[in-house]
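Dear colleague,

I am passing on the structure we spoke about, and below it I have set out what I found when going through it. Please read the notes with the structure open beside you.

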Amino acid sequence: MEFGFTPEQELIRKAAREFAETVIAPRVAEMERTRQPPLDIFHAMAEQGFLGITIPPEYGGSGLGHLARLLVIEEIARISPAMGFMLQVFALGAAPLLDFGTPEQKARHLPALARGEYFATVSVTEATGGSDPFGITTTAEREGDHYILTGRKVFITGSSLCYLHTVTAVTGQDERGRKVITAFLVTQDMPGFKVGREEHKVGLWGTQLGEFALDHVAVPAENIVGKEGDGIKVVMKAISETGRPGIAATALGIIARALQEAVKFANERVVGGRPIGEYQAIQFKIADMSVLLDAARLLCYRGAWMKDQGMRCDVEMSKAKLFATEAAMTAARHCGEIFGGYGWLEEYVSQQLYRDAAILIPSAGTSEAMRIVTGRAALKG
Amino acid sequence: MTALWVLAEQRRGLLQPVSLEILGRGRELADRHGLLLEAVLLGNGVETLAEDLFAAGAEAVYLADHPLLADYSADAYAAVLEQLVREHRPDILLLGHTAVGRDLAPVVAARLETGLSAHVTGLEIDERGLLRQIVPAWGGRGMCAILCPQARPQMATVRPGVLPRPLLQPGRTGRLVRVEVALDLAAIRTRLLDFVPQETAAQPLTEAEVVVAGGAGLGDREGWHLVERLAEVLGAAVGGTRPPLDQGWIGEGQMIGQSGVTVRPRLYIGIGISGEMQHTVGIRDAGVVVAINCDPRARIFQEADFGIVGDAREVVPLLIAALEGETRG
Amino acid sequence: MEIVVCVKPVPDPRQWSKISLDPQTKVLRREGVEMVINPLDRHALEAALQIRQSLGGRVRVLSMAPLSTLEVLRETLALGADEAVLLSDRAFAGSDTLATVRVLAAGIRRWGIRPDLVLCGAESADGSTGQVGPQLAVLLGIASLSYVCGLEEVTPERVIARWQMEEGYARVEVCLPAVLTLTRACNRPRGITMLGVVQARGKPLSVWTAADLGIDPSQVGLSGSPTQMGDLWMPESGRRQEILPGKPEEAVQALLERLRELAVLPERPGRKR
């Protein structure tokens, strides 16, 4: 068993760190103030090749893989969890194509996604709730060589920002009366695609979350991803094996930052004539954060390694997502508490980490959903 | 008797002040250790400058006067210096750490296969008769001594403005040695075209080499103005603590510390800053930290290399005046 | 164009607050300080890559450093250099600038090329002597210009360079081949791209020892260095905490003396009012 990174992976981490510190860091205050997604940063990330990490070279990416992707997201999220989160979403958007796309679909979209010409996401959740993908009511009715999609998607990160959406819709019923769900590639320029309301989150400012409606949108049949009826398989593979680790890596960035800031503060802040880091009450908190970071990293890196080997890793990724996002909440809270009264002042980063971490918990499946996946797998033995 | 040589650098017929500064220090060393102090003057039509060099203490001036030495080029200047050194074998050869000195000295040292130190701020001769060249280390964090035990001459480029300028003694004379030089235009591979004057561009705070920061102790906008004026004189970037931000004296990107930016200048000067860790955490990586504060118990003094206890309104104008005097001279 | 870029791995200047002097052994402690490409060398590499883009040719990176810095060199390949060689041998340890350029010159000879341009950072963040470039030019027998703050024109025969001086810059015509040392004003170095990382896979990254270079060990390392380091003074931990006494005038004078000694006052004065 080896735990070291290859020189190439170290280089990738360094490149991402340098980018985060020079390009993103100077913009964080502005994002926190305006809460607007910084399009130029997304394009700069594309230029750097961060959007094409999971896309193979024949489609214009670098094909460096999922472990490399996690390293990049972690480093970006350490400076801006919001930017780490958006980076994660863009790779999620490419995942259905990578996993199930036809050569034509891949050739059409992947090079553009790698270059950042437009962005993609996976749009599943409806008003019925994200944890119940079978509960959707969006319909797709066949008309000649097209399907007519009608419905509404909510809680979509990048709803208005992303041009390409992998959308699930009900295309019929099977012989036992269950919904047949199919995944379609829908683009914003299709007539009837209507961007809806924007949601206002308490954190991850710089990301974009909202709704869109499909009002009799005619989608060519060749835009089906996988086969008719494969919809749940297509989107769940993307969400569980690409989305969740992406969220988990965002959490890694938060834990690493919380630890870094807490250490800096504890070494500097003097109370009772000694830096507070010399008090065990503080040391224990820092020790816990340090263990959380290591443990969360190991879970995440293992899952990514499996994905890079082509192994199924949905359960491992669920564990990683569950642990890392919960750990991010704990670490951000510890950080804020080590800061004392300063911890929850607007100008200190701890409060931002805490708000940002909270949003990771329900993203791509709540902790409870992760436990259900993990529990079921464990019970199967 | 061994000789200590100083390259008398002239540009357009004007001696560089640093050359006189080195001669001044050279005179002291020569007197104390029994050395000859001699200057080397390169240029075209610059003979009259020899008088100043004698007045500054040189016992001899080697003058190489040639049209191809009118403008500086490493090739021509190094060829002449190499020829002179090989002929007269001085023990020490000092140059100013100017644009010319830092370009020329390494070339001369390599041609002579001898040692060279740069940015020298102190010169001593030790008990073995070796020249101890004091240079700053790690961006001003430390200092170290460089020696050149075997090879000769011992060479160094000396930072301008560090050594005191000597009192000139007009009328003092010395030996003027005219040097025959054979220079070939074809062997000169760089050619000066023209000169473009340029102002120091203001640097962004996080990249600035010098930062002047102010805090609540400055009181009002008039007090704050001192920070800006000092920064201007130094070509420094301006930063501050929370109160100046609240007052609107600085922008958001200028607050230094835990919730602001981290700065890494060679020199940081904090004025009227108490030194709470929320601020000092942002200056940990500064090379040299100077604090000016009227409260002797202010925590900033524990975080500073040098401190002046005093009223900023009195101390800072003195500092500005001293620095301005320097740039004029 | 055959372009050689000399780079030096240095302790990351952003982490120098971690550097201290061991009070007992007088050895510099710099644990936990990462090695990075000397910041100005990134500008030299950037200039080389831009020249290659317009004139074609090959960019080779050369460095003399301990073996542990090999990964720092890999970075230059990801940034776009075609080839990198680390000159590394225990015999090189303790080299001053003259001994260093003997090693670098031997490296260039071993390639068997006659470079049109050799580019270096104007000075290293740690040693900051600024001597390696001009001295290398002497050993290679070619022209040199140091502290170049801009490149106005580059052709295979000559360069019009901006030479940084005290109150501005001079425009200087330099005949090639030549060594130029560059300041940060020359350009804005690019960052590593993921494509660059992939492309670096196939590029040669080698290590050459003293034996590979056929170099006389007495000419390099400590024994080949004319200069020697004497004592090193450094505050053992933290700051000096020296309060300058006396009347304000005296304190200000004392302060300026110390700042001059430490060479932290700007070389070029600021804008005058």
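**Helices 5 and 6 of chain A**

Helix 6 of chain A, residues 103-115, has 13 residues and reaches 18 Å from its first C-alpha to its last, close to the 18 Å expected at 1.5 Å a residue. Please bear in mind throughout that this is a predicted model. Helix 6 of chain A bends by about 30° at His109(A), and a proline, Pro111(A), follows within four residues of that point. His109(A) is also one of the buried residues of the helix, the others being Leu110(A), Leu113(A) and Ala114(A). The buried residues of helix 6 pack against helix 5 (81-100), strand 1 (120-123) and strand 4 (164-173), which also belong to chain A. After helix 6 comes Gly116(A), whose phi is positive, near 75°.

Helix 5 of chain A, against which the buried residues of helix 6 pack, is mostly covered, with 18 of its 20 residues buried. At 1.5 Å a residue, those 20 residues should span 28 Å, and the end C-alpha atoms are 29 Å apart, which agrees. Helix 5 of chain A bends by about 35° at Ala94(A), and here too a proline, Pro96(A), follows within four residues.

**Chain B and its strands**

Chain B has eight helices and 18 strands, and its C-alpha atoms fill a box of roughly 70 × 45 × 40 Å, taken along the principal axes. Of its 329 residues, 55% count as buried. Among the contacts in chain B with a separation of 6 or more, 62% are between residues 24 or more positions apart.

Strand 15 of chain B, residues 237-240, is worth a look, since every position in it is buried: Ala237(B) and Gly239(B) point one way, and Val238(B) and Gly240(B) point the other way. Four bridges join this strand to strand 14 of chain B (residues 210-214), and the two run parallel. Within that pairing, Ala237(B) is the bridge partner of Val211(B).

**Where the chains meet**

The contact between chains B and C takes 84 residues from chain B and 71 residues from chain C. Several elements of chain C each supply at least two residues to its side of this contact, including helix 3 (97-111), strand 9 (143-154) and helix 7 (248-261). Helix 7 of chain C gives the most, with 10 residues. By class, the side of chain C that touches chain B has 38 nonpolar, 15 polar and 18 charged residues. Strand pairing also links the two chains, as strand 18 of chain B (residues 306-309) and strand 15 of chain C pair in the parallel sense over two bridges, and Phe306(B) stands opposite Glu242(C) in strand 15 of chain C.

The contact between chains A and C takes 16 residues from chain A and 11 residues from chain C. On the side of chain A, helix 1 (residues 7-24) gives the most, with eight residues, and the residues of that side divide into nine nonpolar, four polar and three charged.

**Nonpolar cores**

The largest nonpolar core has 266 residues, and those with the most contacts inside it are Phe184(A), Ala251(A), Ile255(A), Leu41(B) and Val5(C). Helix 7 of chain A (residues 231-268) gives the most to this core, with 17 residues. Leaving aside its neighbours within four places in sequence, Val5(C) is in contact with seven residues of its own chain, namely Ala44(C), Leu45(C), Ala48(C), Val59(C), Val61(C), Ala81(C) and Leu119(C). Apart from the largest core lies another, of 54 residues, among them Ala237(B), Met255(B), Ile271(B) and Leu244(C).

**Backbone details to check**

The peptide bond from Arg152(B) to Pro153(B) is cis, with omega near -5°, and Pro153(B) sits in the loop between strand 10 (142-147) and strand 11 (154-158) of chain B. A cis peptide bond also joins Leu176(C) and Pro177(C), with omega about 0°, and Pro177(C) lies in the loop between strand 11 and strand 12 (178-182) of chain C.

Arg35(A), although not a glycine, has a positive phi of about 60°; its place is in the loop between helix 2 (28-34) and helix 3 (39-48) of chain A. Arg35(A) counts as partly exposed because it has 17 C-beta neighbours inside 10 Å. Arg12(B), likewise not a glycine, has a positive phi of about 50°, and is exposed, with 9 other C-beta atoms within 10 Å.

With best wishes

Note on methods: Residues are numbered from 1 along each chain as its sequence is written. Chains are lettered from A and ligands numbered from 1 in the order in which they are written. This is a predicted model: local features need pLDDT of at least 70, side-chain atom pairs count only at pLDDT 80 or more; totals for chains, interfaces and linings use all residues. Two residues are in contact if their C-beta atoms, placed from the backbone, lie within 7 Å. Ala, Val, Leu, Ile, Met, Phe, Trp, Tyr, Cys and Pro count as nonpolar, Asp, Glu, Lys and Arg as charged, and the others, Gly among them, as polar. The expected span of a helix is 1.5 Å times one less than its number of residues. The bend at a residue is the angle between axes fitted to the seven residues ending there and the seven starting there. A residue is buried if 20 or more other C-beta atoms lie within 10 Å of its own, exposed if 12 or fewer, and partly exposed in between; C-beta atoms are placed from the backbone. Two strands pair if DSSP finds at least two bridges between them. A nonpolar core is a set of buried Ala, Val, Leu, Ile, Met, Phe, Trp, Tyr and Cys residues joined through C-beta atoms within 7 Å.
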